[in-house]
Amino acid sequence: MGSSTDRKRKLDLADDAKKQNKTLDARQSSGINPWTGKAYSSRYQSILQTRLKLPVYKFQSELLEAVADNQIVVIEGETGSGKTTQIPQFLVEIGYATPGKSCVGCTQPRRVAATSIATRVAEEMD
């Protein structure tokens, strides 16, 4: 059995900023929100264009692979890179949350911050 450090992996969002994300999100490309059963709004499409420009989006497939392969993944990135708002959405989009059964949580040090982040993520998900 390997040492505990063999299982740890640090994913630094700044290291490979030139890598292109090749992950296509089938749920988004269908035009139907799987959570509401309704077509995505024009506001969602506008927000999506902004999301695609965030640094964390370039690492979506690498991040999701790291999450699938490890119990703990440490994400390090600049303020405003999308860590808090985008990563929960990535996890929901690939099935880590099931309506009525499971959810993806994002912790914050203060209740107000947690509430505002939850609201923002919900709005971004349409």
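Buried means under 20% relative accessible area, exposed over 50%, and partly exposed in between, with a 1.4 Å probe and protein chains only. With that in hand I started on the cysteines. Cys103 is exposed, at a relative accessible area of 66%. Cys106 comes out partly exposed, at 33%. I then looked for disulfides (a pair of cysteine sulfur atoms within 2.5 Å), and by this rule I count 0.

**Ground rules.** I am working on a predicted model, where local features need pLDDT of at least 70, side-chain atom pairs count only at pLDDT 80 or more, and totals for chains, interfaces and linings use all residues. Residues are numbered from 1 along each chain as its sequence is written, and side-chain values use heavy atoms, with hydrogens and water left out.

**Layout.** I took helices (H or I, at least four residues) and strands (E, at least two) as DSSP runs, numbered from the N terminus. That gives me 5 helices and 2 strands. Going along the sequence, I read β-α-α-α-β-α-α. Of the 126 residues in the protein, 30% are buried. For contacts I used heavy atoms within 4.5 Å. Taking contacts between residues at least 6 apart in sequence, I find that 71% join residues at least 24 apart.

**Main core.** How many residues does the largest nonpolar core have? I took a nonpolar core to be a set of buried Ala, Val, Leu, Ile, Met, Phe, Trp, Tyr and Cys residues joined through side-chain atoms within 4.5 Å. The largest has 11 residues: Tyr40, Tyr44, Leu48, Leu54, Val56, Tyr57, Leu63, Leu64, Ile87, Phe90 and Leu91. Helix 2 (42–51), helix 3 (60–69) and helix 4 (83–93) each put in at least two of these residues. Helix 4 gives the most, with 3 residues. Apart from this core I noted another, of 5 residues, with Val92, Ala97, Ile117 and Met125 among them.

**Helix 4.** I checked how well helix 4 is covered, and 9 of its 11 residues are buried. Those are Thr85, Gln86, Ile87, Pro88, Gln89, Phe90, Leu91, Val92 and Glu93. Just after helix 4, Gly95 has a positive phi of about 110 degrees.

**Two core residues up close.** Tyr44 lies in helix 2 and is buried, at a relative accessible area of 3%. I looked along the chain for a partner: Met125 is 81 residues away from Tyr44, yet their C-alpha atoms are separated by 7.1 Å. Leu54 sits in the loop between helix 2 and helix 3. Leaving out residues up to four places away in sequence, I see Leu54 touching Gly80, Ser81, Gly82 and Gln86. For Leu54 and Ser81, 27 residues apart along the chain, I get a C-alpha separation of 5.7 Å.

**Asn33 and the chain end.** Is Asn33 buried or exposed? I find Asn33 buried, at 2% relative accessibility, and its place is the loop between helix 1 (26–29) and helix 2. Setting aside neighbours within four places in sequence, Asn33 is in contact with Lys38, Tyr40, Met125 and Asp126. Asn33 and Asp126 are 93 residues apart in sequence and 7.6 Å apart in space, C-alpha to C-alpha. I followed that contact to Asp126, in the segment after helix 5 (111–124). Asp126 is partly exposed, at 33% relative accessibility. Its phi also caught my eye: Asp126 is near 70 degrees, a positive value in a residue other than glycine. For background, most residues other than glycine have a negative phi.

**Cavity.** Last, I went looking for enclosed space. On a 1 Å grid over the protein atoms alone, a cavity is a set of points where a 1.4 Å probe fits but cannot get out, and lining residues have an atom within 4 Å of a point. Grid points are joined across faces, edges and corners, and I took the volume as the space filled by probe spheres set on the points. I found 1 cavity of 30 Å³ or more, and the largest cavity holds about 80 Å³. Of its 10 lining residues, the closest to its centre are Pro34, Trp35, Tyr40, Glu93 and Met125. Helix 2 and helix 4 are the elements that give two or more residues to the lining. I sorted the lining into 6 nonpolar, 1 polar and 3 charged residues, with Ala, Val, Leu, Ile, Met, Phe, Trp, Tyr, Cys and Pro as nonpolar, Asp, Glu, Lys and Arg as charged, and the others, Gly among them, as polar.

Key:
On a 1 Å grid over the protein atoms alone, a cavity is a set of points where a 1.4 Å probe fits but cannot get out, and a pocket is an open set with protein on both sides within 12 Å along at least five of seven lines; lining residues have an atom within 4 Å of a point.
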